[in-house]
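Student: Could you take me closely through one strand and its partners, and then lead me outward from there to the rest of the model? I would like one connected explanation that I can follow with the structure open beside me.

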Amino acid sequence: MTREITLSKAVNEAIAEEMRRDPAVFLMGEDVAEAGTPFKVLAGLVDEFGPDRVIDTPISEPGFVGMAVGAAMTGSRPIVDLMFGDFLYLVMDQLCNQAAKTHYMSGGKLTVPMVLRTNLGATRRSAAQHSQSLHALVAHIPGLKVAMPSSAYEAKGLMKTAIRDENPVVIFEDKLMYQDKAPVPEEEYLIPFGAANVLREGRDITLVATSSMVQVAQKAAEALQADGISAEVIDPRTLVPLDEATIVESVRKTSRAIVIDEGHRNFGVTGEIASRIAEKAFYHLDYPVQRMGAMDVPVPFSPALEDLTVPTPEAVAEAARRAVRGEVADAA
Amino acid sequence: MPHEVIMPALGMAQDSGVIVSWLKNPGDPVKTGDALMEVETDKATMEVEAAHDGYLADVRAGAGDSVPVGQIVAIIAETAEGAGQAPSGNGAERAAPDETPAQAGAEAVPEGHEVIMPALGMAQDSGIVVAWHKEAGEAVAEGDALLEVETDKATMEVEADRAGYLAAILAEAGDDVPVGQVIAVISAEAPGAPIRRAMAAAPQGGATAPGPEPAARAEPTPQTEPAPGPDPAAAALPTPRPAAAPKPAGRVLASPKARRLAAEEGLDLADLVAAGHQPPFHVADLETLRALPKPAAAQAAAGAGPVGVGEVGVVSAEVDATGFDAFRAWLQEEGTAPSSPRLLAAFAAGALRAARTDEAPLTVAAGTLGTTTAWDDPDRAPVSADLPESEARPRLVLRDLTGTALTGIKPAAAPVPVVTITRRGDTLALHLAHEATLPDEAALTLLSGLADRLQEPLRHLL
Amino acid sequence: MAAQAAKKTGGSRSRKTQGAAKAAKANTEDYLRMYRQMVKIRAFEDQANQLYLSAKMPGLTHMYSGQEAVAVGICEALTDEDRITSTHRGHGHCVAKGAEFRQMFCELLGREEGYCRGKGGSMHIADQAHGNLGANAIVGGSMGIATGAALSAKLQGRDFVTVCFFGDGATAQGLWYEVMNMAALWKLPVIYACENNGYSEYTKTEEIAAGSLTARAEAFGIEAHGVDGQDVLAVNELAQRLVERARHGEGPFFVELDTYRYHGHHVGDINRDYYRSKDEEAEWKERRDPIVNFGKWLEAEGILSADDLVAIGDEIRAEAESAVAYALNAGYPEAGEVDMHVFAGVDHALPYIDGYAKGAGA
C-alpha cells in the first residue's frame, strides 16, 4: 500500500519505527520534544516515547553533539537534531575530530553509531546564517557518511538506514521540502547507501543533482523534452559513499553532464562529482562538464537577491541546451 | 695526506670528459691553482686546476682517454717520493690509499651506561656539544649537568640520569652529534683510564646509523664508461637535433569524444578547419567531416599503398654533385654566392611547387646542423637575393648535411616532410621522409624534381 | 555543603592524609596494588621518555610522571565496567585502568599489536576492555563523550559511572560548561576530575583561570571537592565515596586534584626556565612525590619493608624494559591496513566511499 505523505511525516515515521524497533535509539536536540522542532518534523514523538528518549537540550550544540558521541560509544544509538545546518560550524570538533575519527583511532575497537540530522537550503528568506547548504564540509571528512534525501520516500528510507548504520551519519533534509508530498509505501523499506537513483533515463545529457536540486533537475528535464533533448536525471542519494559507477556510466552514454547542488560552487560537491566524471569518462565527453551550485556569496536576505543565488530549472535547461548544441563553453 | 685528482663535472648532464693533454708530468711539484690537465667535454675544452699543493703522482689516464666524471685520474702526493711512478692501467679500481679509520688504535671505550645525544626538540636530528661541565673520570650524581648542547632552537643542559663516574667523553665541543649517538659513558666504578676524545668520524655502532662505506668513493662507476664512440670527429659535433622542430599551427580544438571517434575512424579533424568549419568540434561535426570529399592526392595513392597516419615513408635519390658544385663555383665568381641551404631551399621549393596543385605561399625551412632558417617562396626570388626570415609554419624542411661526415639518417616521424641531403665524394644522396600529409605521389614528384635541379642547376633558373 | 567540601588549604593536607589513611579500610592488598600501579606508571613514563630521547619513538608524548596518585587513586575506585575518558597526558589513566605494558608500548611505537593497531599512538590509546574510552588530543575534547557515556548509562538503566579526566587548561573550554549544565540538569553519573598540575601547557594556571575552578562547578549546583592529588589514599577515599554516590544517582561531581607534572608539557619541552623554576620542580619531587611518600607510609605502617619497595621497583622496571624490547621488535601494520577501520562494517574505506564496495547493512 502506498499513500502520499509529506517529507516531514516521512522522517517522523522513520524515527518512530526505528525507536520502536530498537530501545537503544533515542533523540536529542533543541526543542525536539513538545515543540517537535520549528519545522514540526518530530511532533508527537515525545508522546509515544517519553522525555527520556526524546530529550530537549539546552542551546549547547557542541555539548549535546559531544554527548551523542559518548552515548554512541557506550551502547546507545543517538539521533541528534541540529536545528539548522548552519550550526554545523559550532560542532565541528565533536563531529569531525571525535565522532569521525574514534573508530579509526581506536583501531576499530570503538564505534560511534549516531545520526546527526540537519538541513540545508536557501530561498526561505532566512539570510546568511540560516540558509546554508554545508554538506560538502562534512563529506570532506573521512569517517562520516553523508546522506541527502530528495523526497519523502528518500527521506524515510535513508533515515532508517542511517539509524541502523554503525557509523556517524550526517543526513541533510531540504527545509523547503518538508511539506512536499510523495508516494511512500506503508510497508517497511530501507534505501541502501551508495546506490544512486536514476529518476529519469535519457540519451543526450546527464543531470546529476542532489537533495533540493533533484526537483530542479527534474523540471529542467521536462522542459528539455519539449525541445527534443533527452536528459537523464541521477540522484546520488548519498555523498559518502558515492555511487560513482552509475554516474560515470550515464555520462559515458550521454557524453554530457551538468552537476547541480545547492552548496556553494567553489570547492564543493559539484566540483568533486565533475572531476570524477572527467577522470572516469573523459574520452566519452563531448562537452565540458558543467557545475551549477549556490552562488559564491553569503546568502542574501532580500528576495530580489536571494533568488539569484540558487540554480533554477530554467538555468539548468539553458545550460543543457548550450551543451547539446555544442556552443562554445567558457572552458573551451 | 695525498689528495685525489678526479675527472670533474664541467657541465650539466655530463657523464665523462676526454683528457686532451696533461700540463704537468708525474713527479712535478704543483701548487693549488696550477693547471694540471686539459679536458674536453661535448660543450667545451677547459683546464683543470690543482686543488692542493704537492707532487703529481699516480697518473692513471692519459691524453685521449675518456674518463667518467668522478673517477680518479691522478694523485697529488705530499712528497716527491713515489711520485713519478708509472701510470697504472687500472689504478682507478684500487682502493684509496691509507685511509685509516679515525678511531682505529684508539683506546677501547670502557663499559658502563651510555649517555646519548638526546632529542631535545621537535624534528631535531642532531645537537652540537657546547661544553662539558664534567671532566673524564669525574664522579657524577644523578641530575648533575653533564654538558651543554645546542640545537637550532635552544641551548640546554643534559643531565646525568644516574650516578657514577664519567668514564668516557666521546664528543668534544663543536661536534654536531646525531640524536641517539653515544656521547659519554657513565661507569659504576671509577675508571682506571678515562677517555676523552672528539666524535669519531666513523660510526661507532649502537643507535648510530651506518655511515657511507669509505671504499665506495674510490670505486669507478662502470656504467659511465663511454661506449666505443663513432668517428671522434663526428662525436665532437653537437648532437644532431631534429631540424627546425616546426611548431604546429595550433591544436584543433575538439571534445575528447570527438577526438577519440575521429582517431578510431582515421578522420583528421584538421580537414574540417581546412574546409572552413569553426572549431571547437563535437561529435556532431564528425558527420560533416565524414561527408567531406577526400583529398585528390590521397585517392590517387596506389601500388605500395599510401603512407598512413604516424607512419613514415622514405624516398631516396642519388645525384652526381658535379653540376651543383660547378654552379656554386660560378655563383661565387659572380660574387653573389648564396649559402648552400639557401640555394637548396630554392631548388626544393621549386620542386615542391610542381608537386602541388594550390598556389598558397610555400615556406621552406633549410639549414645545416643546428641552425635553420625559413623563407617564404625562396624559389621566386633570385638565389642571391636577401630574403627575410619567415615565421610561418614550413611546408618542407631541408637538412643540408653535405658539410658533415654524416652519410645517412633514419628519420623520426615529423609532421612536415623532411629532405636530408648528404654527400659522399662526388655523390649527393637525397632522402625524403614524409607522413600522410604529403601523399606518396607528391613525394615522388618532389624528390625527383629536386634531384633534377641539383643535377642541372641551370634548369632551375629557367 | 558543597562549598565547604571544596575548601582546602595547604596546611590541612597532611592531617587530611592521615585521617584518610586511618579511615581507609586497612586492606593491605589494595595498598600494595595502588603502590604497584603508581610505580608502573612511573616506570612506563621513564621508558617512554627514553624512547623519545633516543629517537626510537615517532612523534611526541606527554609525561604523566608526578601525577600518579590521581589516576591510581581514582581508577582503583572503579570497575572495568566504569568508563573513563582521558587526555593527551593519558598514559597514567590507561595503566591505572588496567592496560598492559606491551600493548601500550606497541601503540606508542606504531606497531600492529598496539591497543589501536598503531593507528592512535600515544595521544589516542583506548582500551575498551577496561572501560577506557580513549585519550583525546583536543584539550577538553572528551568532556562531551564522558557526559554522553553517563547519559547512556542513565538511559539504559545501567550502573556504570564515567570519570572525565582533564587538566586545568581544559577548564577554559566552553564545552565543559555546556556539558556540566546538562549533567547537572539530568543528574548524570559522571565525575569531572580536574588534574590541576599548575600549568596550562607553558602558562601558569593562575594566568589563565579566573576565580576558583570548584566554584565554577558549584555554580551549576554540582558538588565540588578539592583534594591533594599527591596523596593516593586521600584521592582514593574521596573517589570511593563519590563513585558510589554517582552510581546511586547522586551525581554529577567535580573534583579538583592538586598535583604536579615533573616533565615539561611534552617530552621535547626541556628548557622550562621561562615558566617555572628548577627549585619549584625539586620541591615537588623531593617533598611531595606520591610514590616515595606512599612508600614511606607503607614502611611506617609495617606493610612493606624498604627492601620490598626496592624489589617492587626493580621488578616493574624489568617488566617495562622487557615490554619495550618486545615492542621494538614487534611488526608494523601492513600497508593494506591504512584504509581499514575508517567505517565500522566496511573492510576497506577507499573502494567503499567511491561506491565500489558495499558496507554491512548499507
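Tutor: Strand β6 of chain B, residues 54–57, pairs with β8(B) in the antiparallel sense, and three bridges hold this pairing in the predicted model. Within the pair, B:Leu56 is the residue that stands opposite B:Ile76 of β8(B). Strand β8(B) itself covers residues 72–77, and six of its six residues are buried, which leaves the strand mostly covered. Strand β1 of chain B, residues 3–6, is also joined to β8(B), here by four bridges, and these two strands run antiparallel. In this second pairing the residue opposite B:Ala74 of β8(B) is B:Val5. In general, the strands of a sheet pair through backbone hydrogen bonds, and they do so either parallel or antiparallel.

For the parallel case you can stay in chain B and look further along its sequence, where strand β19 (residues 363–367) and strand β21 (residues 396–400) pair in the parallel sense over four bridges. The bridge partner that B:Ala365 finds in β21(B) is B:Val397. Both strands belong to an open sheet of six strands in chain B, whose order is β18-β23-β22-β21-β19-β20 and whose pairing is mixed. At the edges of this sheet stand β18 (313–320) and β20 (372–376) of chain B, each of which has a single partner strand, so one side of each is left without a neighbour in the sheet. From one strand to the next the twist averages 20°. Helix α8 of chain B, residues 440–455, packs on this sheet and touches β18, β22 (418–424) and β23 (427–434) of chain B, while the direction of the helix makes about 15° with that of β18(B).

Stepping back to chain B as a whole, you can find nine helices and 23 strands in it. Of its 462 residues, 32% are buried. When contacts in chain B between residues at least 6 apart in sequence are considered, 63% of them join residues at least 24 apart.

Chain A, to which we can now turn, has twelve helices and 14 strands, and 61% of its 332 residues count as buried. Among the contacts in chain A with a separation of 6 or more, 80% come from residues 24 or more positions apart. A good strand to examine here is β2 of chain A, residues 25–29, in which five of the five residues are buried, so the strand is largely enclosed by the rest of the structure. The covering applies to both faces of β2(A), with A:Val25, A:Leu27 and A:Gly29 buried on one side and A:Phe26 and A:Met28 buried on the other. Strand β2(A) runs parallel to strand β4 of chain A (residues 77–81), to which five bridges join it, and the bridge partner of A:Met28 in β4(A) is A:Val80. Strand β3 of chain A, residues 54–56, is likewise parallel to β2(A), with three bridges between them, and in β3(A) the bridge partner of A:Leu27 is A:Val54.

The helices of chain A can be read in a similar way. Two packed helices are described by the angle between their axes and the distance between the axes. For helix α1 (residues 7–21) of chain A and α7(A), the axes come within 8 Å and cross at roughly 25°, and these two helices are therefore roughly parallel to each other. Their crossing is right-handed. Among the residues that meet here are A:Leu7, A:Val11 and A:Ile15 of α1(A) and A:Ala155, A:Met159 and A:Ile163 of α7(A). Sorted by class, the residues of this contact are nine nonpolar, no polar and five charged.

Helix α7(A) also leads us to another chain, and the place to look is where chain A touches chain C, with 49 residues of chain A in contact with 43 residues of chain C. On the side of chain A, the elements that give two or more residues are α3 (61–73), α4 (92–99), α5 (102–105), α7 (152–164) and α9 (244–254). The largest share of that side, eleven residues, comes from α3(A). By class, the side of chain A that touches chain C has 20 nonpolar, 21 polar and eight charged residues.

In chain C itself, helix α4 (residues 68–75) has eight of its eight residues buried, so this helix is largely enclosed by the rest of the structure. The buried residues of α4(C) include C:Val70, C:Val72, C:Gly73 and C:Ile74.

Conventions
Residues numbered from 1 in each chain as written. Chains lettered and ligands numbered in written order. Predicted model: local features only at pLDDT ≥ 70, side-chain atom pairs only at ≥ 80, totals over all residues. Contact = placed C-beta atoms within 7 Å. Nonpolar A, V, L, I, M, F, W, Y, C, P; charged D, E, K, R; others polar. Axes fitted to C-alpha atoms, helices over the stretch in contact; angles between N-to-C directions. Parallel < 35°, antiparallel > 145°, perpendicular 65-115°, else oblique. Left-handed = near helix turned anticlockwise from the far one by under 90°. Pairing = 2+ DSSP bridges. Buried ≥ 20, exposed ≤ 12 C-beta atoms within 10 Å, placed from the backbone.
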